[in-house]
Amino acid sequence: MVIFGVALLAVCMLAGMISGEAIGRLIGVDANVGGVGIAMLLLIMLSNLSRERWQLNVTTESGVRFWSAMYIPIVVAMAAKQNVIAAVSSGWLAVIAGVLAVVVSFALVPVLSRIGRRDG
Amino acid sequence: MAELQDILTSVLTRNGLITAFVFVGLLMAFSYWLSARLTGGRLEGSAIAITLGLVLAYFGGLYTGGSKGVADLPLLAGVALLGGAMFRDFAIVATAFGADLSAIRQAGLVGAVSIVLGVVVSFAVGACVALAFGYTDAVSVSTIGAGAATYIVGPVTGTALGAGSDVIALSVAAGLVKSVLVMVGTPFVAPLIGLNNPQSAMVYGGLMGTTSGVAGGLAATDPKLVPYGAMTATFYTGAGCLLAPSVLYLIVRAIL
């Protein structure tokens, strides 16, 4: 049933969020530390495991795949609700700081990827 | 006629999430049509849709004076729910389904390094800009530096250090600029920085850190890379909230 897939996805997300919240509390940070990342790892491990031990039914899988396919539309909605006015009209300091941070970070991507490949 | 308009508004407003589905569906249909007609498919339809979303958010904000883009229009309030953190995170987790575990394991270490380096570099850049603009107290400089990491790290750091609300607002704005620019710019820089495999996507997610920026940027570049970039990006804000008000602030204070 489709709901099994949706529920499995929801359980992974909630488990990840709870872990992220707990990690945040533990290290004294007022933020969810990697909750989504942990949820993703859980789902990846479950989907890799399922191929070997228990095969997920195609209908069940479609419950997860639907939400995966909804990702881009959701991101478009996210873009449409951003506070773009504040980003654009807050003066040069914020704009320059934001732009420079992005430019420097972009430039570091190939550097770090190369280091990673050498290690791997 | 007035009655018809009344019925329409009332139904669309009461079913906000459903109206948001229609809004996003139409926006994407238009974007894919533009992509095929004007760019011959060279510029991905999703990239156009995200950019158009941002443009509409600008005008929505201009028109309503609110902070939630088009979602401040009562008719489109559902967009805030559809594009909110809950659905966004749910869909991001779903993209991990079928991701390659070995690719993640391989890039695990460099991915972790990229998160810490990403926070430190963005913080340093933001702090330098704050200095250039005449801020000299360690608290303000650190808060603006933290804002250049993400728009969540900025206010968290500012609140922890007791920064003024004007400085906190600046830090949020710096983070917003970053996230908007990452969303729009990623598809254009992707070929230049080798962003075409799971490993570089993890490094990219860790360096950029803004979850919304990375989510939008990778969606517009190559949806297959989303899970890898999103995975590291979600650890970034936590790392930033940890480092900025503590170690990084102390370093700034020692230098100033």
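Let me start with the place where the two chains meet: in this predicted model, the area buried between chain B and chain A is about 7,000 Å², and carbon and sulfur atoms give 83% of that area. As for the residues that take part, chain B brings 91 residues to the contact, while chain A brings 71 residues. If you want three names to look for on the chain B side, take B:Phe90, B:Val93 and B:Phe97, which supply 12% of the area that chain B buries against chain A, more than any other three residues. If you would rather follow a secondary-structure element, turn to helix α10 of chain B, residues 165-189, since the largest share of the side of chain B that touches chain A comes from this helix, with 13 residues.

Which charged or polar pairs link the two chains? Across the interface of chain B and chain A there are zero salt bridges, whereas three residue pairs are in polar contact, with both residues of each pair at pLDDT 80 or more.

Let me now move inside chain B, which is divided into domain 1, covering residues 2-83, and domain 2, covering residues 102-255. The centres of these two domains of chain B, taken over C-alpha atoms, are separated by 28 Å. Where they touch, seven residues of domain 1 of chain B are in contact with eight residues of domain 2 of chain B, and the area buried between the two domains is about 540 Å², with carbon and sulfur atoms giving 83% of it. On the domain 1 side, B:Leu43, B:Ile50 and B:Leu54 lose the most area to domain 2 of chain B, and together they account for 63% of what that side buries. Between these two domains of chain B the count of salt bridges is zero, and one residue pair, both at pLDDT 80 or more, is in polar contact.

Where, then, are the salt bridges? Over all chains the structure holds three of them, and I will take them in turn.

In chain A, A:Glu61 forms a salt bridge with A:Arg65, and their closest N and O atoms are 3.5 Å apart. Both residues lie in helix α3 of chain A, residues 58-69, and because they are four residues apart in that helix, about one helical turn separates them. A:Arg65 has a relative accessibility of 43%, so it counts as partly exposed.

In chain B, B:Asp89 forms a salt bridge with B:Arg88, the closest N and O atoms being 3.2 Å apart, and both of these residues are buried.

The remaining salt bridge, also in chain B, joins B:Lys224 to B:Asp222, with 3.9 Å between the closest N and O atoms. Are these two partners buried or exposed? B:Lys224 is exposed, with a relative accessible area of 64%, while B:Asp222, at 22% relative accessibility, counts as partly exposed; the cut-off for buried is under 20%, so B:Asp222 falls outside that class.

Finally, a word on confidence in chain B, where the mean pLDDT is 90 and 100% of the residues reach 70 or more. Within chain B, confidence is lowest in helix α6, residues 101-106, at a mean of 77, and highest in helix α4, residues 78-82, at 95.

How values were computed:
Residues numbered from 1 in each chain as written. Chains lettered and ligands numbered in written order. Predicted model: local features only at pLDDT ≥ 70, side-chain atom pairs only at ≥ 80, totals over all residues. Heavy atoms only, no water. pLDDT = per-residue confidence, 0-100. Helix = DSSP H or I, 4+ residues; strand = E, 2+ residues; numbered from the N terminus. Salt bridge = Lys/Arg side-chain N within 4 Å of Asp/Glu carboxyl O. Buried < 20%, exposed > 50% of the residue type's maximum accessible area, 1.4 Å probe, protein only. Domains from an automatic or database assignment. Contact = heavy atoms within 4.5 Å. Buried area = accessible area lost by both parts, 1.4 Å probe. Polar contact = N/O pair within 3.5 Å; in protein donor to acceptor, adjacent residues only side chain to side chain.
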